[in-house]
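Q: Hi! I've got a model open and would like to talk through how the fold is put together. Can you walk me through it?

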Amino acid sequence: MCTVTYLPFNQREFILTSNRDEDVSRLSALPVQEYKVNNRTVFFPKDQKANGTWIAYDVKGYTLCLLNGANKAHIPQTNYKKSRGLVLLDFYFYNDPENFAKIYDFKGIEPFTLILAYSCSDTERVKLYELKWDEEKVELVMHDSSLPQIWSSVTLYSNEVIEERKKWFEAWLSKNNTYTTDTILFFHHFGGNGSSDNDLVINRTTKKTVSICCINKNLSHTDIIYEDIINKNLHKSKVINC
């Protein structure tokens, strides 16, 4: 939910990895399972508080990942109409970033950033989108899917720290020409300079990195690795793509 990396390979394949930083008092999420959302088969870890999620994989194409906040830190309100994790799942009722951005009613939703990666048998290459809602407007941009990316939540990290994290990622990229789940998971576990407040795995007084989820999208199948750091549980799933 708070740190996301995207690694492309072979034009239609990619690895998307997310570190979830949460309040230490929040219930642990349920591990990745299969659910039906608008008659689509979607795999995701479920948040037990709101029954939504921050990362999801649809066997027919879209992989989604949500970060808290949009362009800058905001002051949370107490009367939001819906959890952002449910908004992510609502996307599968539209299944198109442009329509979702134009039609969906975002009013009353807390600011967020949503990463959308689309790849299936009818695409020549991955389509990579970034959607931001800042409580006033929706912004949708398409990224060059051939380039690696890293995002950090603006609600937890200053601009200076976000830029520093980009440098850590660039340094990692310079030493890793071949992308694998093992190498990117190592970065998500140990990336940083030794700061428990700002490394990729944080350990603050009230916020901790509680889990890491890695989605490795191949043409024939998708491997999903979900690690519950707090309870020290590791779950692996292999999904055959449609």
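**Strands, rings and cores**

A: Happy to; keep in mind that this is a predicted model. A good place to start is S6 and S7, which pair in the antiparallel sense over 7 bridges.

Q: Which residue in S7 is the bridge partner of Thr63?
A: That is Ala117.

Q: And what order do the strands of the open sheet come in?
A: The order is S3-S4-S5-S6-S7-S8-S9, so 7 strands in an open sheet with antiparallel pairing.

Q: Which are the edge strands?
A: Strand S3 (30-37) and strand S9 (138-143), each of which pairs on one side only. From one strand to the next, the twist averages 20°.

Q: Switching to aromatics: how many aromatic pairs are there?
A: The count comes to 19. One of them is Tyr62 with Tyr118.

Q: Is that pair stacked, edge-to-face or tilted, and why?
A: It is tilted, because the planes of the Tyr62 and Tyr118 rings are at 40°, between the 30 and 60 degree cut-offs. The ring centres are 4.5 Å apart.

Q: Where do the two sit in the chain?
A: Tyr62 is in strand S6 (residues 62-68) and Tyr118 in strand S7 (residues 112-118). They are 56 residues apart, so the pair links distant parts of the chain.

Q: Buried or exposed, those two tyrosines?
A: Tyr62 is buried, at 5% relative accessible area. Tyr118 is buried as well, at 14%.

Q: What cluster do the ring pairs make?
A: They link Tyr62 and Tyr118 with other rings, including Phe91, Tyr92, Phe106, Phe112 and Trp133.

Q: Which ring has Arg20 over its face?
A: Trp54, with Arg20 at 4.0 Å from the ring centre. Arg165 lies over the face of Tyr157, at 3.9 Å from the ring centre.

Q: Now the core: which residues have the most contacts inside the largest nonpolar one?
A: Phe112 and Leu114, in a core of 26 residues. Among the elements that each supply at least two residues are helix H1 (84-90), helix H2 (97-103) and strand S8 (127-133). The largest share, 4 residues, comes from S7.

Q: What is Phe112 in contact with, leaving aside its neighbours within four places in sequence?
A: Its contacts include Leu66, Leu67, Val87, Phe106, Leu131 and Trp133.

Q: Which residues does the second, separate core include?
A: That core has 23 residues, among them Trp54, Ile55, Cys65 and Val126. Trp54 is also the ring with Arg20 over its face.

Notes. Residues numbered from 1 in each chain as written. Predicted model: local features only at pLDDT ≥ 70, side-chain atom pairs only at ≥ 80, totals over all residues. Heavy atoms only, no water. Phe/Tyr/Trp six-rings, centres within 6.5 Å; stacked < 30°, edge-to-face > 60°. Buried < 20%, exposed > 50% of the residue type's maximum accessible area, 1.4 Å probe, protein only. Lys NZ or Arg CZ within 6 Å of the ring centre and 35° of its normal. Pairing = 2+ DSSP bridges. Axes fitted to C-alpha atoms, helices over the stretch in contact; angles between N-to-C directions. Core = buried A, V, L, I, M, F, W, Y, C linked by side-chain atoms within 4.5 Å. Contact = heavy atoms within 4.5 Å.
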